[in-house]
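Me: I am in my first year and would like a close look at a single part of this protein. Could you take me through the aromatic cluster and the elements around it, slowly and in connected sentences?

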Amino acid sequence: MSDARIAAAHDRLIEAVEDLRAAVVGASDTGQISVLIACEAARRRLDHLSVGVLAAAERRDVFTSRGYKTSTAALADLLGWERHEARRHTTAAENVVGKTALDGTVLPPRLPATSEVFDAGRTSLRHVEVVAKVLGSRAADRLTPQVWAAAEAELAAKSSDYTPTELQTWGTELIEKLDQDGPAPDDEHPEPEVNELRLVRHRNGPGGKITGRFDDAAMFDTIATVIDAKSKPTSSDETREPAHRQAEALAEVCGFALSHGPTALVPASGGRRPQISVIIRLEDLEARARNGMLDFGGQTSPETLRMLACDAAVLPIVLNGEGQPLDVGRVTRSIPDGLRRAVIARDRGCAHPGCDRPPSWCEVHHIIPWEDLGHTKIDNLVMLCRQHHRLIHHPGWTVRIRDGLPEFLPPAWIDPTRTPRRQPGSVIDIPEPRHDSAPVEAARCDATSGVRVANFDGLFSSPAT
């Protein structure tokens, strides 16, 4: 569909809404009820349309190609949605829209019966989310495919009669009754105690795999307590899965120990304190650091390499064409503790609009990159969580310091005008009205709490004539 057709269809939709608004004027009680029903029907059709468009956009990598790891984050920036609303749409796109296999075969949706009632407008987006949640439980995973499909059909049929909350309660009870055997009982003869951890590099790609087993309860509890504390969701709108949070928590704890742990905790290796080294070929450095190699993690992407260069104790090792070191740089890109504290005091966590990650989950980013002669000073630094740090290293979003505070210019596909966005600022003190003789307590300090109390007298009074 061309942009002109989309614009024309949008204009007709607005006209229809205005016609409906005009019809309400002077309508009877029955007419007003009819309008409410019509609004809900239209909302369901629009939700169905947006879910279908979202599924098509995901198939074409519309958002990932623009630097977003998930469609949820992209929808929040594009449409101003809360994360839970964006996740509701992505969940529906994953479950009630058919997919196309690599060979072109059209595959049915994961929830075919729910897809049918959703297509017909007989159920809402929230109902679809509930059905997907109930059938994604561990108890539902233990059902046979035939029983699972029958349960999905029952839930789809009930979605027209029950509210989402009622449907979740009823559906959970249904799945529990169908899962008669429950989880498998524990083995009566446990295996011998094993405590092991394996680190395996990926041979044909970056990164690696860490697997472990700890039968020692105290040892496992020590590890689990640290990871649990570090990986807890920071808000109700957390988008990362638990496994994702735990992986990043482990990396952050190890990174902190590597940078700040005493020698007794992180002993010397090869006669020196362990340190991350990034090996860069001279031609890659001359091409603005296209590539790099980590000691354990293998080859890095340009985005990862630039992120490491922003706020980490990284030792860059430059190699010539023969693979010989040309220069071992000093740790000059890291942010001094005092300066980092100044950035924290200014940004109070991730500065990207709409993000609520605290400073402990954030990194400091050089606005003008170090390799482009950017300085390590507060008006060239901004605090970003890992998700938005990754995003800012892709084309599109731009960050700058204006009036001493960071502001972000969204890409044109989100906002054609690229209007700057900021985190909401703190409420400022309202200047008190001027009088010939200033009142004694125009702005006073509470003797018991020490809190400044602003005087709002006359703030909303009519101006003198």
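Reply: What follows begins with the whole chain, goes on to the aromatic rings, and ends with the helices beside them in the sequence.

Please keep in mind that this is a predicted model, with 465 residues, of which 30% count as buried. The protein has 15 helices and 15 strands, and among its contacts with a separation of 6 or more, 49% are made by residues 24 or more positions apart.

Now to the rings themselves. A pair of aromatic rings is described by the distance of the centres and the angle of the planes. Searching the whole structure gives three aromatic pairs. In one of them, the ring centres of Phe63 and Trp413 lie 6.0 Å apart and the planes meet at 35°, so this pair is classed as tilted, since planes have to be under 30 degrees apart to count as stacked and over 60 to count as edge-to-face. Phe63 belongs to the loop between H2 and helix H3 (71-79), whereas Trp413 belongs to the loop between strand E13 (405-409) and strand E14 (443-445), so the pair ties together parts that are 350 residues apart in sequence. The two partners can also be described by their accessibility: Phe63, at 8% relative accessibility, counts as buried, while Trp413, at 27%, counts as partly exposed.

Trp413 has a second aromatic partner, Tyr68, and here the pair is edge-to-face, with 6.0 Å from centre to centre and 85° between the planes. Tyr68 lies in the loop between H2 and H3, and Trp413 in the loop between E13 and E14, so this pair ties together parts that are 345 residues apart in sequence. Tyr68 has a relative accessibility of 4% and therefore counts as buried. Taken together, Phe63, Tyr68 and Trp413 form one aromatic cluster. A charged side chain also takes part in the picture, for Arg66 lies over the face of Trp413, at 5.1 Å from the ring centre.

From the loop we can step to helix H3, where seven of the nine residues are buried, so that H3 is largely enclosed by the rest of the structure. The buried residues are Ser71, Thr72, Ala73, Ala74, Leu75, Ala76 and Asp77, and they pack against H2, H4 and helix H15 (386-392). After H3 comes Gly80, which has a positive phi, near 70°.

Two of these neighbours of H3 also pack against each other: helix H2 (residues 29-59) and helix H4 (residues 83-95) have axes 9 Å apart and an angle of about 75°. The two helices are therefore roughly perpendicular to each other. On the H2 side the contact is made by Asp47, Ser50, Val51, Leu54, Ala55 and Glu58, and on the H4 side by His89, Thr90, Ala92 and Ala93. Sorted by type, the residues of this contact comprise five nonpolar, three polar and two charged.

The remaining neighbour, H15, contains His388, which has a relative accessibility of 3% and therefore counts as buried. Leaving aside residues up to four places away in sequence, His388 touches Arg83, Cys350, His352 and Cys355.

Technical notes:
Residues are numbered from 1 along each chain as its sequence is written. This is a predicted model: local features need pLDDT of at least 70, side-chain atom pairs count only at pLDDT 80 or more; totals for chains, interfaces and linings use all residues. Side-chain values use heavy atoms; hydrogens and water are left out. Axes are lines fitted to C-alpha atoms, for helices over the stretch in contact, and angles run from 0 to 180 degrees between N-to-C directions. Helices (H or I, at least four residues) and strands (E, at least two) are DSSP runs, numbered from the N terminus. Angles under 35 degrees count as roughly parallel, over 145 as roughly antiparallel, 65 to 115 as roughly perpendicular and the rest as oblique. Contact means heavy atoms within 4.5 Å. Ala, Val, Leu, Ile, Met, Phe, Trp, Tyr, Cys and Pro count as nonpolar, Asp, Glu, Lys and Arg as charged, and the others, Gly among them, as polar. Rings of Phe, Tyr and Trp (its six-membered ring) pair if their centres lie within 6.5 Å; planes under 30 degrees apart count as stacked, over 60 as edge-to-face and the rest as tilted. Buried means under 20% relative accessible area, exposed over 50%, partly exposed in between (1.4 Å probe, protein chains only). A charge sits over a ring if NZ of Lys or CZ of Arg is within 6 Å of the ring centre and within 35 degrees of the ring normal.
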